[in-house]
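Reader: I am a first-year student and would like a close look at a single part of this structure. Please take one helix and explain how its residues are placed.

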Amino acid sequence: MRRTDRLFDLIQILRDGRLHRASQIAEVLQVSVRTIWRDMATLTNSGLPVEGERGVGYILRAPVTLPPMILGAHELDALRLGIRLVSQGDDPVLARAARELAQKIGGLMPAPIRAEGDDIFDFPAQKQHRPASHLPILRKAIRAHQRLTLTYIDPNGVESHRDIRPLLLDLKSQVWVLVAWCEARGAFRSFRLDRILSVIETGQFFPNEKGTRLRDYRHLISDEQSLRQGSTTRAMETQSTGHGGS
């Protein structure tokens with residue numbers, strides 16, 4: 001868990017106005033007691049009304065609120081759409097976070113969000129053969145720049161093992177795709193998550209090498225799109241010139 005996320009969770013725990021011991025909070029957040037001590041010092045130094053000390057506990061002496069959110073109709077629709085997409089997705093961690101986010105935002109809105117607004121969005125059933133159960137571990141590896149070993153089945157049913165550098169998760173036509181640098185091929189490759197049989201964390205971290213980075217992949221895709229557009233334009237011009245001379 002990132003420290004910013006942990007600090008936010010600490011505030012949420014303290015908002016009930018009760019006394020919380022560092023050991024209890026550490027157990028909930030799955031960190032050490034020393035980490036909680038440091039985080040509490042950070043919150044206190046930031047100006048939040050947190051009181052307490054080691055061995056006694058911590059308490060929030062005054063309520064902490066966020067400023068009201070004023071969103072327009074289109075912004076609310078975008079918010080609903082994003083939250084529903086994630087909450088109905090295959091990643092259980094993000095799905096739960098999306099539902100919690102909806103509750104928090106609902107409590108901050110000056111007026112309640114009408115339930116019938118959700119009816120303007122409809123999501124057809126997933127087309128994947130198997131659920132994308134590897135999303136959490138892939139998301140973690142992308143953030144940590146950790147090499148992975150995949151067991152993968154290609155469209156012809158051939159099983160292979162790939163050592164990769166995971167770079168990006170992309171949702172295409174309701175199918176999750178992992179973009180990675182394939183060590184064996186020495187090139188970028190895409191892997192459908194519903195064809196990944198297993199994922200092994202190697203514990204090895206890959207460097208930010210030129211030619212293998214996410215930005216290099218995006219430059220490559222952009223160049224390919226430009227070439228296709230250029231070819232289409234030239235073909236149309238040739239066709240138009242041919243018709244004009246007949």
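Author: What follows looks at helix H2 and its surroundings, and then at a few other places in the chain.

The model is predicted, so local features need pLDDT of at least 70 and side-chain atom pairs count only at pLDDT 80 or more, while totals for chains, interfaces and linings use all residues. Residues are numbered from 1 along each chain as its sequence is written, and side-chain values use heavy atoms, with hydrogens and water left out.

First, the setting. The protein chain has seven helices and seven strands; helices (H or I, at least four residues) and strands (E, at least two) are DSSP runs, numbered from the N terminus. Along the sequence their order is α-α-α-β-β-α-α-α-β-β-β-β-β-α. Of the 246 residues, 29% are buried. Buried means under 20% relative accessible area, exposed means over 50%, and partly exposed lies in between (1.4 Å probe, protein chains only).

Now the helix. H2 covers residues 22–29, and its buried residues are Ala22, Ile25, Ala26 and Leu29. They lie on the same side of H2, because they cover an arc of only 100° around the axis. The arc is that of the directions from the helix axis to the C-beta atoms. Glu27 and Val28, on the other side of H2, are exposed.

What do the buried residues of H2 pack against? Their partners are helix H1 (3–14), helix H3 (33–45) and strand S2 (57–60). Contact here means heavy atoms within 4.5 Å.

Just after H2 comes Gln30, in the loop between H2 and H3. Its phi is near 60°, a positive value in a residue other than glycine. Gln30 counts as exposed, at 72% relative accessibility.

H3, one of the partners of H2, holds Leu43. Leu43 is buried, with a relative accessible area of 5%. Leaving aside neighbours within four places in sequence, Leu43 touches Leu7, Leu10, Ile11, Leu48 and Val50. The C-alpha atoms of Leu43 and Phe8 are 9.8 Å apart, although 35 residues separate the two along the chain. Across the protein chain, 58% of the contacts with a separation of 6 or more are between residues 24 or more positions apart.

Farther along the sequence, His145 sits in the loop between helix H6 (135–144) and S3. Like Gln30, His145 is not a glycine and has a positive phi, here about 55°. His145 is partly exposed, with a relative accessible area of 36%.

Strand S3 (residues 146–153) contains Thr149. Thr149 is buried, with a relative accessible area of 19%. Its side chain makes a polar contact of 2.8 Å with that of Asp163. A polar contact is a pair of N or O atoms within 3.5 Å; within protein, one must be able to donate a hydrogen and the other to accept it, and residues adjacent in sequence count only if both atoms are side-chain atoms. Not counting residues up to four places away in sequence, Thr149 touches Arg162, Asp163, Ser198, Val199, Ile200 and Thr202.
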